[in-house]
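Trainee: I'd like a close look at one pocket and at what goes on around its rim. Please take it slowly and give me the cut-offs as you go.

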Amino acid sequence: RVIDNYRDITKEAHVRRLVELKTNLIYFISLNEGFNLLLPNIETAKINRSLKEIKTISDHLSKGERPEIYKLLLLDASNSFDNKDYTLAIVESFQALEIFIENYLINIFKERNSTDEECRIKLEMNWRTKIRLTTLLKELKGSSLNEQGVLWNEWHIRYDKTRNEVLHAGKEPNQEETKQTLEVNERVIEWLTNL
């Protein structure tokens, strides 16, 4: 929880959970000598944060809060992009978007007092991301992504071209299309948040 909240509040995408403890500093007191081991792809988290960030992290921890998984996946996508792992960045970015959409739609059904079963059936019938962002969203909110002109066109290209080629054809995306994909997925989330 500490790491997840730290990442969410500070937006330091490079801070990741480690499977095991990593020691990067070994000091021999009797010899007054030490070694700083360089571990690939690992950076430290800055502890010297603003008072506002520290208070927010403390508040989240005291309440037992965790950041939403889509936010952590967006940070993971950003970190993967920075590490030039473009395929993973694409996967993480679209997974973040799909999780956000699913939870967004579930919340709409809850607001309408739909039963869990009604919600589950409706989501299973409309499981494709494009359908959820167009038909289902239009039905529930009176607006759909395909009515958003530029945003729809940019997202649609990244979905059909980049995502599908990466996931279904094993194509290696380049830096520019990966950057565009991450940006447009975040813009879709922002659009939905403001809807």
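Mentor: Let's start with exposure, since we'll lean on it a lot: buried is under 20% relative accessible area, exposed is over 50%, and partly exposed is in between, using a 1.4 Å probe and protein chains only. Keep in mind that this is a predicted model, so local features need pLDDT of at least 70 and side-chain atom pairs count only at pLDDT 80 or more, while totals for chains, interfaces and linings use all residues. Residues are numbered from 1 along each chain as its sequence is written, and side-chain values use heavy atoms, with hydrogens and water left out.

Now the backdrop. The protein chain has eight helices and two strands, taken as DSSP runs (H or I of at least four residues for helices, E of at least two for strands) numbered from the N terminus. Reading from the N terminus, the order is α-β-β-α-α-α-α-α-α-α. The chain has 195 residues, and 37% of them count as buried.

On to your pocket, and I'll pick the second largest one. A pocket here is an open set of points on a 1 Å grid over the protein atoms alone, where a 1.4 Å probe fits and protein sits on both sides within 12 Å along at least five of seven lines; lining residues have an atom within 4 Å of a point. The volume of this one is about 190 Å³. Around its wall you'll find Asp8, Lys11, Tyr70, Lys71, Leu74, Leu75, Ser78, Glu186 and Ile189. Two elements give two or more residues to that lining, helix H3 (69-82) and helix H8 (175-194). H3 is the main contributor, putting in five residues. By character, the lining splits into four nonpolar, one polar and four charged residues.

Two of those lining residues, Asp8 and Lys11, deserve a stop. Their side chains meet in a salt bridge, 3.2 Å from N to O; the term means a side-chain nitrogen of Lys or Arg within 4 Å of a carboxyl oxygen of Asp or Glu. Side chains of opposite charge can pair when their charged atoms come close. What I like about this pair is the contrast in exposure. Asp8 counts as buried because its relative accessibility is 7%, whereas Lys11 is exposed because its relative accessible area is 52%. Asp8 belongs to helix H1 (residues 2-10). Lys11 sits in the loop between H1 and strand E1 (25-28).

Asp8 also has a neighbour from another stretch of sequence: its C-alpha atom is 6.4 Å from that of Pro67, although the two residues are 59 residues apart along the chain.

Back at Lys11, have a look at the backbone. Its phi is positive, about 65°, even though Lys11 is not a glycine. Lys84 turns up with a positive phi of about 65° as well, and Lys84 isn't a glycine either. That residue lies in the loop between H3 and helix H4 (86-111). With a relative accessibility of 57%, Lys84 counts as exposed.

The bridge at the pocket is one of 20 salt bridges in the structure, so let me show you a couple of others for comparison. Lys63 and Asp59 join their side chains at 3.3 Å, N to O. There Lys63 counts as exposed, at 54% relative accessibility, and Asp59 is partly exposed, at 33%.

The other example brings us back to H8, which helps line the pocket. Lys161 and Glu177 meet in a salt bridge of 3.5 Å, N to O. This pair connects distant parts of the chain, with Lys161 in helix H7, Glu177 in helix H8, and their positions 16 residues apart. Lys161 is partly exposed, since its relative accessible area is 36%, while Glu177 is buried at 6%. Follow the shared partners and you get one network of salt bridges that joins Arg158, Lys161, Glu165, Lys171 and Glu177.

While you're on H7, note Leu167, which lies in that helix (residues 150-169). Leu167 is partly exposed because its relative accessible area is 40%, a value between the cut-offs of 20% and 50% we began with.

Notes:
Points joined across faces, edges and corners; volume = space filled by probe spheres on them. Nonpolar A, V, L, I, M, F, W, Y, C, P; charged D, E, K, R; others polar.
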